[in-house]
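User: Please take a close look at the largest pocket, then place it among the other empty spaces and the fold around it. Keep it brisk.

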Amino acid sequence: MEPQTWIDGAWCAGNPPVFGPMTHAAWMASVAFDGARAFEGVVPDLDLHCGRAIDSARALGLAPKILAAEITALAVEGIRRFPEQAELYIRPLFWADDGFVEPDAESTRFMLTLFEMPLPAPDATITAALAEERRPRPAMAPTDAKASCLYPNVQRMLRKARTRGFSTALVLDPDDKVAEFATANLFMVRDGKVATPADNGTFLNGITRQRMVRLLREDGHDVEERTVELEEVLEADEVFATGNAPKVIPASRIEEHDFQPGPVARRARELYWAFAHAHGKPGDFGL
(Lines give C-alpha, C1' and ligand atoms only; values in the text may rest on other atoms or scores of the structure.)
Protein backbone atom coordinates (compact mmCIF):
# COMPACT_ATOMS: atom_id res chain seq x y z
CA MET A 1 0.00 0.00 0.00
CA GLU A 2 1.22 3.51 -0.79
CA PRO A 3 2.44 5.79 2.03
CA GLN A 4 -0.25 8.01 3.53
CA THR A 5 0.50 11.64 4.39
CA TRP A 6 -1.60 14.16 6.27
CA ILE A 7 -0.79 17.71 5.25
CA ASP A 8 -2.78 20.94 5.18
CA GLY A 9 -5.83 19.25 6.62
CA ALA A 10 -6.16 16.27 4.27
CA TRP A 11 -4.74 12.81 3.59
CA CYS A 12 -2.97 12.03 0.33
CA ALA A 13 -1.24 8.94 -1.01
CA GLY A 14 2.26 8.44 -2.38
CA ASN A 15 5.00 11.06 -2.22
CA PRO A 16 3.35 14.50 -2.53
CA PRO A 17 5.50 17.38 -3.80
CA VAL A 18 6.04 19.58 -0.76
CA PHE A 19 9.41 21.36 -0.95
CA GLY A 20 10.18 23.97 -3.59
CA PRO A 21 13.45 25.70 -4.52
CA MET A 22 12.83 28.47 -1.99
CA THR A 23 11.78 26.20 0.88
CA HIS A 24 14.11 26.90 3.77
CA ALA A 25 14.20 23.23 4.77
CA ALA A 26 15.44 22.18 1.34
CA TRP A 27 18.63 24.19 1.53
CA MET A 28 19.13 25.01 5.23
CA ALA A 29 17.98 21.71 6.79
CA SER A 30 15.36 23.14 9.14
CA VAL A 31 13.72 19.74 9.54
CA ALA A 32 12.77 17.95 12.76
CA PHE A 33 11.01 14.62 12.81
CA ASP A 34 10.28 11.59 14.91
CA GLY A 35 9.45 7.95 14.36
CA ALA A 36 6.97 5.65 16.03
CA ARG A 37 5.93 2.11 15.18
CA ALA A 38 2.65 0.29 14.64
CA PHE A 39 2.71 -3.51 14.64
CA GLU A 40 0.41 -6.32 15.75
CA GLY A 41 -2.32 -3.79 16.43
CA VAL A 42 -0.28 -1.72 18.92
CA VAL A 43 1.60 1.60 18.80
CA PRO A 44 3.83 1.69 21.92
CA ASP A 45 4.75 5.11 23.31
CA LEU A 46 3.08 6.87 20.38
CA ASP A 47 2.26 9.88 22.55
CA LEU A 48 5.89 10.23 23.65
CA HIS A 49 7.15 10.14 20.07
CA CYS A 50 4.64 12.79 19.03
CA GLY A 51 5.64 14.96 21.96
CA ARG A 52 9.33 14.60 21.14
CA ALA A 53 8.69 15.72 17.57
CA ILE A 54 7.39 19.01 18.93
CA ASP A 55 10.34 19.35 21.32
CA SER A 56 12.77 18.69 18.46
CA ALA A 57 11.10 21.32 16.30
CA ARG A 58 11.40 23.91 19.06
CA ALA A 59 15.06 23.00 19.56
CA LEU A 60 15.64 23.98 15.91
CA GLY A 61 13.94 27.34 16.39
CA LEU A 62 10.64 26.29 14.80
CA ALA A 63 7.20 27.11 16.16
CA PRO A 64 4.86 24.10 16.00
CA LYS A 65 1.19 24.99 15.76
CA ILE A 66 -0.16 21.54 16.61
CA LEU A 67 -0.32 19.71 19.94
CA ALA A 68 1.15 16.28 20.65
CA ALA A 69 -2.32 14.92 21.40
CA GLU A 70 -3.51 16.11 17.99
CA ILE A 71 -0.59 14.38 16.25
CA THR A 72 -1.33 11.21 18.22
CA ALA A 73 -4.96 11.28 17.09
CA LEU A 74 -3.94 11.85 13.47
CA ALA A 75 -1.49 8.93 13.67
CA VAL A 76 -4.21 6.59 14.87
CA GLU A 77 -6.44 7.84 12.05
CA GLY A 78 -3.63 7.12 9.60
CA ILE A 79 -3.04 3.62 10.98
CA ARG A 80 -6.66 2.80 10.25
CA ARG A 81 -6.10 3.57 6.58
CA PHE A 82 -3.81 0.50 6.36
CA PRO A 83 -4.67 -3.20 6.59
CA GLU A 84 -5.04 -4.54 10.11
CA GLN A 85 -1.73 -5.78 11.57
CA ALA A 86 0.33 -3.75 9.08
CA GLU A 87 3.84 -2.98 10.31
CA LEU A 88 4.24 0.76 9.92
CA TYR A 89 6.69 3.57 10.44
CA ILE A 90 4.93 6.70 11.70
CA ARG A 91 6.80 9.96 11.00
CA PRO A 92 5.64 13.38 12.19
CA LEU A 93 7.78 16.08 10.58
CA PHE A 94 8.15 19.84 11.02
CA TRP A 95 10.01 22.25 8.77
CA ALA A 96 10.42 25.93 7.99
CA ASP A 97 9.14 27.24 4.70
CA ASP A 98 10.88 30.63 4.85
CA GLY A 99 13.99 32.27 6.21
CA PHE A 100 17.52 33.17 5.19
CA VAL A 101 20.01 31.01 7.09
CA GLU A 102 17.92 31.31 10.27
CA PRO A 103 14.47 29.78 9.83
CA ASP A 104 11.41 31.98 10.03
CA ALA A 105 9.66 30.31 12.96
CA GLU A 106 6.26 31.58 11.90
CA SER A 107 6.60 29.73 8.60
CA THR A 108 6.73 26.36 10.39
CA ARG A 109 4.71 23.64 8.66
CA PHE A 110 3.80 20.10 9.64
CA MET A 111 3.03 16.81 7.97
CA LEU A 112 2.55 13.26 9.17
CA THR A 113 3.51 10.27 7.02
CA LEU A 114 2.85 6.58 7.61
CA PHE A 115 4.41 3.88 5.47
CA GLU A 116 4.88 0.14 5.61
CA MET A 117 8.22 -1.05 6.99
CA PRO A 118 8.42 -4.60 8.36
CA LEU A 119 10.08 -5.21 11.71
CA PRO A 120 13.15 -7.45 11.72
CA ALA A 121 12.41 -11.14 12.22
CA PRO A 122 12.49 -12.32 15.87
CA ASP A 123 15.76 -14.18 15.23
CA ALA A 124 17.44 -11.34 13.31
CA THR A 125 20.75 -9.88 14.47
CA ILE A 126 22.93 -6.90 13.58
CA THR A 127 26.65 -6.72 12.83
CA ALA A 128 28.65 -3.55 13.37
CA ALA A 129 31.86 -1.95 12.18
CA LEU A 130 33.60 0.64 14.31
CA ALA A 131 32.88 4.06 12.80
CA GLU A 132 35.61 6.58 12.09
CA GLU A 133 33.08 9.36 12.61
CA ARG A 134 32.08 10.58 16.08
CA ARG A 135 28.89 11.78 17.66
CA PRO A 136 29.09 15.57 18.13
CA ARG A 137 29.02 17.46 21.41
CA PRO A 138 25.89 19.54 22.13
CA ALA A 139 27.91 22.70 21.37
CA MET A 140 28.67 21.34 17.87
CA ALA A 141 25.22 20.30 16.65
CA PRO A 142 21.56 20.22 17.77
CA THR A 143 21.97 16.90 19.56
CA ASP A 144 18.90 17.59 21.71
CA ALA A 145 16.69 17.21 18.63
CA LYS A 146 15.84 14.43 16.23
CA ALA A 147 17.01 16.63 13.41
CA SER A 148 17.60 15.71 9.78
CA CYS A 149 20.84 17.72 9.73
CA LEU A 150 22.45 15.11 12.01
CA TYR A 151 21.90 12.26 9.58
CA PRO A 152 24.47 12.86 6.80
CA ASN A 153 27.10 11.78 9.32
CA VAL A 154 25.04 8.66 10.06
CA GLN A 155 24.81 8.00 6.33
CA ARG A 156 28.61 8.11 6.05
CA MET A 157 28.95 5.60 8.88
CA LEU A 158 26.45 3.22 7.36
CA ARG A 159 27.88 3.48 3.86
CA LYS A 160 31.37 2.61 5.06
CA ALA A 161 30.14 -0.18 7.34
CA ARG A 162 28.02 -1.79 4.66
CA THR A 163 30.83 -1.58 2.15
CA ARG A 164 32.77 -3.77 4.60
CA GLY A 165 29.90 -6.24 4.93
CA PHE A 166 28.44 -5.04 8.23
CA SER A 167 24.84 -3.98 8.73
CA THR A 168 25.48 -0.96 10.93
CA ALA A 169 28.20 0.95 12.81
CA LEU A 170 29.28 1.31 16.42
CA VAL A 171 29.85 4.99 17.17
CA LEU A 172 32.02 6.69 19.78
CA ASP A 173 31.61 10.15 21.27
CA PRO A 174 34.26 12.92 21.05
CA ASP A 175 36.03 11.46 24.10
CA ASP A 176 36.31 8.02 22.45
CA LYS A 177 33.70 6.52 24.77
CA VAL A 178 30.91 4.35 23.36
CA ALA A 179 27.87 6.39 22.34
CA GLU A 180 25.52 4.04 20.45
CA PHE A 181 25.01 2.23 17.18
CA ALA A 182 24.51 4.35 14.09
CA THR A 183 20.72 4.37 14.35
CA ALA A 184 20.00 2.70 17.69
CA ASN A 185 21.00 2.82 21.34
CA LEU A 186 23.38 0.23 22.75
CA PHE A 187 23.15 -2.14 25.72
CA MET A 188 25.81 -4.59 26.88
CA VAL A 189 25.71 -7.44 29.40
CA ARG A 190 28.69 -8.66 31.43
CA ASP A 191 28.45 -11.13 34.32
CA GLY A 192 24.70 -10.62 34.47
CA LYS A 193 24.91 -6.82 34.77
CA VAL A 194 23.44 -4.60 32.07
CA ALA A 195 25.08 -1.31 31.09
CA THR A 196 24.15 1.36 28.59
CA PRO A 197 26.02 4.59 27.84
CA ALA A 198 24.84 7.44 30.06
CA ASP A 199 22.99 10.27 28.35
CA ASN A 200 25.84 12.76 27.94
CA GLY A 201 24.18 14.87 25.25
CA THR A 202 26.12 13.45 22.31
CA PHE A 203 23.37 11.07 21.22
CA LEU A 204 19.60 10.98 21.39
CA ASN A 205 18.30 9.38 24.58
CA GLY A 206 15.88 7.14 22.74
CA ILE A 207 12.31 6.62 23.89
CA THR A 208 12.72 2.87 23.39
CA ARG A 209 16.02 3.04 25.32
CA GLN A 210 14.35 4.77 28.25
CA ARG A 211 11.50 2.28 28.17
CA MET A 212 13.93 -0.65 28.11
CA VAL A 213 15.90 0.65 31.10
CA ARG A 214 12.68 0.84 33.12
CA LEU A 215 11.39 -2.55 31.97
CA LEU A 216 14.63 -4.35 32.76
CA ARG A 217 14.91 -2.74 36.19
CA GLU A 218 11.29 -3.62 36.99
CA ASP A 219 12.14 -7.19 35.97
CA GLY A 220 14.93 -7.30 38.54
CA HIS A 221 17.95 -6.62 36.33
CA ASP A 222 20.84 -4.45 37.47
CA VAL A 223 21.01 -1.73 34.79
CA GLU A 224 23.77 0.89 34.92
CA GLU A 225 23.71 4.10 32.89
CA ARG A 226 27.36 5.09 32.83
CA THR A 227 30.42 5.73 30.73
CA VAL A 228 31.12 2.65 28.60
CA GLU A 229 34.53 1.86 27.13
CA LEU A 230 34.91 0.19 23.73
CA GLU A 231 36.93 -2.66 25.27
CA GLU A 232 34.03 -3.46 27.60
CA VAL A 233 31.65 -3.85 24.68
CA LEU A 234 34.04 -6.06 22.76
CA GLU A 235 34.49 -8.28 25.82
CA ALA A 236 30.80 -8.38 26.78
CA ASP A 237 28.72 -11.53 27.10
CA GLU A 238 25.88 -9.96 25.12
CA VAL A 239 25.30 -6.78 23.15
CA PHE A 240 21.94 -5.61 21.88
CA ALA A 241 20.35 -2.54 20.39
CA THR A 242 17.09 -0.71 21.01
CA GLY A 243 15.50 1.74 18.63
CA ASN A 244 12.33 2.60 16.82
CA ALA A 245 13.09 0.64 13.67
CA PRO A 246 14.04 -2.75 15.22
CA LYS A 247 12.73 -2.16 18.77
CA VAL A 248 15.08 -4.78 20.31
CA ILE A 249 17.71 -6.69 18.35
CA PRO A 250 20.93 -8.48 19.42
CA ALA A 251 24.35 -7.98 17.88
CA SER A 252 26.09 -11.07 16.53
CA ARG A 253 29.37 -9.40 15.52
CA ILE A 254 31.30 -6.19 16.18
CA GLU A 255 34.39 -5.96 14.01
CA GLU A 256 36.09 -9.36 14.48
CA HIS A 257 34.33 -10.13 17.78
CA ASP A 258 31.43 -12.59 17.60
CA PHE A 259 28.50 -12.71 20.01
CA GLN A 260 25.64 -15.10 20.61
CA PRO A 261 22.16 -13.70 21.21
CA GLY A 262 21.77 -14.22 24.94
CA PRO A 263 19.10 -14.54 27.62
CA VAL A 264 19.03 -10.85 28.57
CA ALA A 265 18.41 -9.72 24.98
CA ARG A 266 15.68 -12.34 24.63
CA ARG A 267 14.11 -11.25 27.89
CA ALA A 268 14.36 -7.59 26.85
CA ARG A 269 12.41 -8.34 23.69
CA GLU A 270 9.80 -10.31 25.63
CA LEU A 271 9.41 -7.47 28.09
CA TYR A 272 9.04 -4.88 25.36
CA TRP A 273 6.45 -6.90 23.45
CA ALA A 274 4.49 -7.49 26.66
CA PHE A 275 4.57 -3.76 27.43
CA ALA A 276 3.52 -2.86 23.89
CA HIS A 277 0.50 -5.15 23.99
CA ALA A 278 -0.48 -4.08 27.51
CA HIS A 279 -0.13 -0.32 27.02
CA GLY A 280 0.19 0.40 23.30
CA LYS A 281 -3.32 -0.05 21.94
CA PRO A 282 -4.90 3.06 20.38
CA GLY A 283 -7.46 3.07 23.19
CA ASP A 284 -4.65 3.50 25.70
CA PHE A 285 -4.16 7.01 24.30
CA GLY A 286 -7.84 7.84 24.74
CA LEU A 287 -8.57 7.26 21.04
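Analyst: Helices and strands here are DSSP runs, numbered from the N terminus: H or I over at least four residues for a helix, E over at least two for a strand. This is a predicted model, in which local features need pLDDT of at least 70 and side-chain atom pairs pLDDT 80 or more, while totals for chains, interfaces and linings use all residues. Residues are numbered from 1 along each chain as its sequence is written, and side-chain values use heavy atoms, with hydrogens and water left out.

Start with the pocket itself. A pocket is an open set of points on a 1 Å grid over the protein atoms alone, with protein on both sides within 12 Å along at least five of seven lines; a cavity is a set where a 1.4 Å probe fits but cannot get out; lining residues have an atom within 4 Å of a point. Grid points are joined across faces, edges and corners, and volume is the space filled by probe spheres set on them.

The largest pocket has a volume of about 950 Å³. Its lining holds 44 residues. Nearest its centre lie K146, Y151, A182, T183 and A184. Six elements each supply at least two lining residues: helices α2 (46-59), α4 (151-163) and α5 (207-218), and strands β9 (126-134), β11 (178-181) and β15 (238-243). α4 gives the most, 5 residues. By type, the lining has 23 nonpolar, 14 polar and 7 charged residues. Here Ala, Val, Leu, Ile, Met, Phe, Trp, Tyr, Cys and Pro are nonpolar, Asp, Glu, Lys and Arg charged, and the others, Gly among them, polar.

The loop between β9 and α4 joins two of these elements and holds A141. A141 touches P136 and L150, leaving aside residues up to four places away in sequence. A contact is a pair of heavy atoms within 4.5 Å. A141 and T202 are 61 residues apart in sequence, yet their C-alpha atoms are 8.9 Å apart.

Now the other spaces. The second largest pocket has a volume of about 220 Å³. It is lined by 16 residues, and G41, I79, E84, Q85 and P282 are the closest to its centre. That lining divides into 11 nonpolar, 2 polar and 3 charged residues.

There is 1 cavity of 30 Å³ or more. About 40 Å³ lies in the largest cavity. Its lining residues are P120, A121, P122, A124, P246, V248, I249, R269 and W273. β16 (247-254) and α7 (263-279) each give two or more of them. The lining has 8 nonpolar residues, no polar and 1 charged.

Next, the frame. The protein has 7 helices and 17 strands. Its radius of gyration is 19 Å, close to the 19 Å of the globule rule for 287 residues, so it is as compact as a globular protein of that length. The radius is taken over C-alpha atoms, and the rule is 2.2 Å times the number of residues to the power 0.38. The C-alpha atoms fill a box of roughly 55 × 40 × 30 Å along the principal axes. Of contacts between residues at least 6 apart in sequence, 71% join residues at least 24 apart. Of the 287 residues, 52% count as buried. Buried means under 20% relative accessible area, exposed over 50%, and partly exposed in between (1.4 Å probe, protein chains only).
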